[in-house]
Amino acid sequence: MRPLKLIMSAFGPYAGQTVIDFSQLGEQGLYLITGDTGAGKTVIFDAVSYALYGQTSGGVRDANMLRSQYADADTPTFVELEFSFRGKCYRVKRNPEYRRPAKRGTGMTKEKAGAELYYPDDRVPATRMSEVDKSIVELLGLNHKQFTQITMIAQGQFRKFLDTNTDERSKIFRDLFHTYFFQQLQDKLKQDAAAKRNEFAEQQRRSEQALNGISCIYPAYTEQLQSFALRHYEGCVEEVLTLVDTITALDEKEQQQVAAAAAIVTKNLTALQDSLGAIAKKQQLEKYMQTTEAKMVSMQKQLEQEAAAAVQRQEALQKLEAEVNEAQKGEVELAQLQTERQQLAARQRELLQLQDMQQRYQRQEVVLLQKRQEYKQACDNFNHLNELSDTCFDRFLSAQAGLLAHDKLKPGKPCPVCGSCEHPQPVQLAQDAPTENDVEQARAKAEAAQKIRDGLIGEGKALKEHLELDKTLLLGKGVELLGCDDLKLIAERAQAELKDVNNKITALRLKMGFLQEKVEQYRKLAKTLEQQKAVDKQAEAAAQSIRQQLAGAEGQLQELKKQLAEQNELLTDVDEQKLQQEHEKLLVQQRELELQDKRLYAAIKNNQRIKQEVSGYEARRAACEAEYSLINSLSATLNGTLTGKKRVNLETYVQMHYFDKILQRANVRLLHMSRGQYELCRDKMQDADSKTGNSKTGLDLEVKDYYSGNLRSVKTLSGGESFMASLALALGLADEVQSCAGGIQLDTMFVDEGFGSLDDSSLQQAIATLQGLSEGHRLVGIISHVHDLQEMIDKKILVRKKRGQQGTGSEVALVVD
């Protein structure tokens, strides 16, 4: 990875937009970043790290604190880095979360953190922060921690990689040299060994739990089992199972003896139960006889009561039948009255219809009379308006001479009528002469009145025709119903007869109401009669059933007497109390033998089950033990936990190979920078001393001092010596990573301070080492305040603070000689 262009906007001390064009520094060599203290030299490294990973180089500055305090409110905060990797150019842009003015309205709003990655081909840019983070790691092959450890020796971090222990260094190598597989293999074998060990222990636990449930009632064998249990049955399972077979054989033998004794008891008990059964049968027969005799007495009494009740029911039925016959007569009379009422109602409807016809005829006579009056008024109105119209027209004609004289007769001009030029007495125009419009209005009123008169003529004619038709119908109906063709007589007779019909209907309604009550009474009596007959029939059926039961009970009683006599003959000289006592004794013996048999059966089945289960557990435990022995040996070997051996696991062993190669490369530079005094070595003495304990070893460091001939800890190095050692180690690590097949391509490196701790000679050696490192298309950037470096290095990035009228914040300038 090589940076080509860096843009910082409102980032750190840079208030505005600052652009650093790294491409002007060339493809290889050293360049110096120098300037005022606190001006923002390290921020350049922070910006590169933040653009790639969203984190600063040293991890001191939080991403949410990166907005410049010198920037205007409207200036956006972001970092944009254009870089090349394997010959292709990429561009990444990030911004932290910060407060900015709202685009709409007033006040401030939050600008969310964002990231964008643009590819050199036609791929869609990555715009989600998580997607950009993942893509950068996959592209460069380094995460943020690895990137800063390999490509950046940050300020105050010189000894960190140098002094780290085996565990931390192993984590770094695991990511760089992809030794995950070895770690996964180690962990898998360790998990498999633990699983087999747990399975082995589980089978042993189940076997012990099962053996603890052995049933035994024999004291000697019980003591043996207890002694085995105290040893958790370790190494004696087969012996215990043999003992179980012995106990089971004894239980089976005893079970056979119990079965023989139980058979004898059962035989004796059966004989006793037969005798006791005969006694119980006799007692039962006596009880049945008493019950049957009592039932017969009760049934005889019921029959007597039923006979008396039957006589009373017959008398009540005869009386009720007489009442029903009397009430039934009212139903016939009511039917006759209903027919008569229907006839009267029909006559009533005809008379009412005749009255309606007569009333309608009278109403139409009144309407016709009104129409005649309206017609007379319409004629008078028409005559009056017509006369007014004629008068108006005559006046209009008479006024024409006055109009002509007024409008046409002028002195010296001829008259349009006679042609005379003299007009001695012209007609004067009347003041109230009607106009042509007045004539038209008078004529329109007369015509309207004429239309009203003509319309009334037609209506009167139609009413008269309809009235004549109704009169004809009314007279025909009067002749049909009353035999009269006089309108007045028809009205009088119809009124009189309708009154008579209404009186008859009223009388019939009263009489029918009385008869209706009588009919309802009849129906109730008839229903009661049917119910009483049903009750009588049921009572007779019940009496017949009792008679049949009584006959059956008499036969049953004779049979019971016969059976009782037979049982008395069988039970002569039998002591019931003695038999009962013997029966109770045999029952107790039978229950005891049954309980003993059940206990023996349960013990035999339980011990047989335990033997079968334990045999299965032991077979599985033996198989688990064999598998565990093999897997555990492999796991101990690969995880470095073999007793009496070095505690180096397989992954660390592989990493030791890479570490040795890194040290070889680092020592070439360290020996040069230290003038042959120091060489870095793996701490092999610690490996030899770590045969026990839990600490992980194999990647620890020590330094060999050729001036004294001693090996000592890297922690004893001075500040300048530590800087040279850590620089050489970082450079050796970078070389080894790139040399591996499919390794990571690192075209740039940054060194932040540390040179101030070197003397002039060491400084010359360190610069010479870095210059040698920069050969082969690699740029090395150095931050330093050392004045000698400014004279040694031509390419520079100058950072200075703005003061006074220049503004606030910092600015950057490139110097390329």
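Buried, in these notes, means under 20% relative accessible area. I need that cut-off first because Arg100, at 18%, counts as buried by it. I also keep in mind that this is a predicted model.

**Entry 1: confidence**

I looked up the pLDDT before anything else. The protein chain averages 79, and 83% of the residues score at least 70. Then I went to a weak stretch. Over residues 688-694 the pLDDT stays under 50, and the model has twelve contacts for that stretch beyond four places in sequence.

**Entry 2: Arg100 and its partner**

Back to Arg100. Which residue does Arg100 form a salt bridge with? I found Glu111, with the closest N and O atoms 2.5 Å apart. Arg100 sits in strand β6 (residues 98-101) and Glu111 in strand β7 (residues 108-111), so this salt bridge ties together parts eleven residues apart in sequence. I checked the accessibility of both ends: Arg100 is buried at 18%, whereas Glu111 comes out at 23% and counts as partly exposed.

**Entry 3: Arg94 and Asp133**

I went through the salt bridges next, and the count comes to 17. One that I opened up joins the side chains of Arg94 and Asp133, at 2.5 Å from N to O. This pair links distant parts of the chain: Arg94 belongs to strand β5 (residues 88-95), Asp133 to helix α2 (residues 129-140), and 39 residues separate them. Is Arg94 buried or exposed? I read 2% relative accessibility for Arg94, so I noted it as buried. Asp133, at 29%, goes down as partly exposed.

**Entry 4: the β10-β11-β12 sheet**

I traced an open sheet of three strands, in the order β10-β11-β12, with antiparallel pairing. The edges are β10 (678-682) and β12 (710-713), each of which pairs on one side only. From one strand to the next I get an average twist of 35 degrees.

I then followed the pairing of β10 with β11 (residues 701-705): five bridges join these antiparallel strands. For Tyr678, I found that the bridge partner in β11 is Asp705.

What packs on this sheet? I see helix α12 (residues 650-673) there, touching β10 and β11. The direction of α12 makes about 175 degrees with that of β10.

**Entry 5: a salt bridge between α12 and β10**

Staying with α12 and β10, I picked out the salt bridge of Asp660 with Arg682, whose closest N and O atoms are 2.8 Å apart. Asp660 lies in α12 and Arg682 in β10, so the pair ties together parts 22 residues apart in sequence. Arg682 is buried, with a relative accessible area of 9%, while Asp660, at 29%, counts as partly exposed.

I added one network to this page: Glu202, Arg205 and Arg206 are joined by salt bridges that share partners.

**Entry 6: helix α7**

Last, I looked at helix α7 (residues 219-230), which has twelve residues. How far does α7 reach from its first C-alpha to its last? I get 17 Å, close to the 16 Å expected at 1.5 Å a residue. After α7 comes His232, and I noted that its phi is positive, near 55 degrees.

Definitions and conventions:
Residues numbered from 1 in each chain as written. Predicted model: local features only at pLDDT ≥ 70, side-chain atom pairs only at ≥ 80, totals over all residues. Heavy atoms only, no water. Pairing = 2+ DSSP bridges. Helix = DSSP H or I, 4+ residues; strand = E, 2+ residues; numbered from the N terminus. Axes fitted to C-alpha atoms, helices over the stretch in contact; angles between N-to-C directions. Contact = heavy atoms within 4.5 Å. Expected span 1.5 Å × (residues − 1). pLDDT = per-residue confidence, 0-100. Salt bridge = Lys/Arg side-chain N within 4 Å of Asp/Glu carboxyl O. Buried < 20%, exposed > 50% of the residue type's maximum accessible area, 1.4 Å probe, protein only.
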